[in-house]
Amino acid sequence: MKRIFAIFTMAALLLTGCSSAGDGGEGAQAPAGGKGLREVNVVLDWYPNALHAFLYDAMEKGYYEEEGLKVNVQFPANANDAMSLVAAGKSEIGLYYQQDVIMARANQGVPVKSIGAVVQSPLNIVLSLKEKGITGPDDLVGKTIGYAGTELSEALIKAIMEDAGADYSDVKMQNVDFDLMPAMTTGNVDATIGCLVNHEVPQMEKEGFEVNYFFPDDYGVPQYYEGVFLANDKLIESEPEVLAGFLRASAKGFQDMKDDPEGTLAILLAHQDKANFALDESVERQSTETLLPLMETADAKFLSQTAACWQENIDWLYGQGLIDEKPAVEDVMADIPY
């Protein structure tokens with residue numbers, strides 16, 4: 001799902017939201033329900049799924065309230081809501097993508113920073129039906145790759161082809177918009193980039209398709225955080241304790257996700273948006289199994305992030321021509337002790 005989103009232009013955001021962008025979310029600071037809780041609006045990257053289970057667990061069990069917070073989860077109406085609403089001060093926290101944060105900051109000066117990494121490594125994959133025999137970049141030569149028309153997806157394919165000693169011109173890129181899976185299953189393309197290992201893989205297997213996939217960061221692309229929590233500059237400066245409390249409570253929810261994945265899954269299913277994005281229990285169970293070792297590793301705690309990872313991705317995006325200037329790491333990543 002992630003890379004089906006087009007790279008967006010933030011100029012309109014900064015023009016339409018300038019009156020509230022400097023508020024740092026002040027419009028949401030009133031006590032909630034008379035309980036004296038600080039209201040925190042969190043915009044997801046997509047509809048509720050296994051990736052968000054820790055949030056719902058923390059809400060259900062009162063972990064946010066223990067931190068003096070009332071968390072309201074919002075679903076995005078548009079692909080870039082998690083960034084645009086946070087940048088404009090209309091929501092406190094958003095869940096979005098590392099490389100997009102760098103590009104938005106470097107190219108449009110969008111005033112947001114990451115406060116924590118939700119997934120420590122990529123979920124984005126090059127996916128194909130097993131019958132195509134595509135297990136690495138060499139197998140893409142002469143093939144058609146479906147994607148959503150984004151420059152970032154093009155850069156990823158270019159990098160992995162070059163890493164394999166091939167050339168970007170050796171593949172045909174076909175813009176299939178949001179129809180990544182149908183384009184692949186109907187044979188219109190040989191492979192796709194933009195599907196997620198924790199979502200489309202179990203979904204396709206559930207539907208009876210055998211698949212192959214590989215990760216771009218195994219072939220010339222730096223490792224990156226698949227999802228990060230965002231806050232705007234003003235809120236980071238004025239209320240770091242609110243963000244620290246949110247991170248602490250979220251970490252408790254993730255600990256529950258590790259200790260009792262079935263219980264956490266049940267909470268998620270109870271909060272699903274059936275009308276717009278009904279969940280398949282078996283798919284979400286497999287997704288949880290895939291996600292857990294990627295959200296926290298032996299070397300990286302849940303929500304941790306490093307300056308080295310941010311710098312490596314800044315350098316790579318600059319080398320790919322996707323940013324004109326390199327932002328400083330402190331302009332895209334905030335250290336919020338919790």
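The following questions and answers go through the helices and strands of a predicted model.

Trainee: How many helices and strands does the protein have?
Mentor: The model is predicted, and its chain has 338 residues, of which 57% count as buried. The secondary structure comes to 15 helices and ten strands.

Trainee: In which order do the five strands of the open sheet stand?
Mentor: Strands of a sheet pair through backbone hydrogen bonds, either parallel or antiparallel. In this open sheet the pairing is mixed. The order of the five strands is β2-β1-β3-β10-β4.

Trainee: Which strands stand at the edges of that sheet?
Mentor: An edge strand has a single partner strand, so one side of it is left without a neighbour in the sheet. The strands in that position are β2 and β4.

Trainee: By how many degrees are neighbouring strands of this sheet turned against each other on average?
Mentor: For this value, the direction of the strands is ignored. The average turn between neighbouring strands is 25 degrees.

Trainee: Over how many bridges do β1 and β2 pair?
Mentor: Strand β1 covers residues 38-43, and strand β2 covers residues 69-74. One bridge joins glutamate 39 to lysine 70 in β2. The two strands pair in the parallel sense, and the number of bridges is six.

Trainee: In β3, which residue is the bridge partner of valine 43?
Mentor: β1 also pairs with strand β3, residues 93-96, in the parallel sense over two bridges. In β3, the partner of valine 43 is glycine 94.

Trainee: How many residues of β1 are buried?
Mentor: Strand β1 has six residues and is mostly covered. The number of its residues that are buried is five.

Trainee: In which sense do β4 and β10 pair, parallel or antiparallel?
Mentor: β4 spans residues 112-119, and β10 spans residues 227-232. Serine 114 stands opposite leucine 230 in β10. Six bridges join the two strands, and the sense of the pairing is antiparallel.

Trainee: Which strands does α11 touch as it packs on the sheet?
Mentor: The direction of α11 makes about 75 degrees with that of β2. The strands touched by this helix are β1, β2, β3, β4 and β10.

Trainee: How are α3 and α11 placed to each other, roughly parallel or roughly perpendicular?
Mentor: Helix α3 is residues 53-60 and helix α11 is residues 240-259; their axes come within 8 Å and cross at roughly 105 degrees. Angles of 65 to 115 degrees count as roughly perpendicular. The two helices are therefore roughly perpendicular.

Trainee: By class, which residues make the contact of α3 with α11?
Mentor: On α3 the contact residues include Phe54 and Asp57, and on α11 they include Phe246, Lys252 and Met257. By class, the contact has eight nonpolar, two polar and three charged residues.

Trainee: Why is α3 largely enclosed by the rest of the structure?
Mentor: The buried residues of α3 are Ala53, Phe54, Leu55, Tyr56, Asp57 and Ala58. The helix is followed by glycine 62, whose phi is positive, near 80 degrees. α3 is largely enclosed because the buried part of its eight residues comes to six.

Trainee: How far apart are the end C-alpha atoms of helix α7?
Mentor: Helix α7 is residues 151-163, and its buried residues include Leu152, Ile157 and Met161. At 1.5 Å a residue, its 13 residues should span 18 Å, which agrees with the distance in the model. The end C-alpha atoms are apart by 18 Å.

Trainee: Which glycine just after α7 takes a positive phi?
Mentor: The phi in question is about 80 degrees. The residue is glycine 165.

Terms used:
Residues numbered from 1 in each chain as written. Predicted model: local features only at pLDDT ≥ 70, side-chain atom pairs only at ≥ 80, totals over all residues. Heavy atoms only, no water. Axes fitted to C-alpha atoms, helices over the stretch in contact; angles between N-to-C directions. Helix = DSSP H or I, 4+ residues; strand = E, 2+ residues; numbered from the N terminus. Parallel < 35°, antiparallel > 145°, perpendicular 65-115°, else oblique. Contact = heavy atoms within 4.5 Å. Nonpolar A, V, L, I, M, F, W, Y, C, P; charged D, E, K, R; others polar. Expected span 1.5 Å × (residues − 1). Buried < 20%, exposed > 50% of the residue type's maximum accessible area, 1.4 Å probe, protein only. Pairing = 2+ DSSP bridges.
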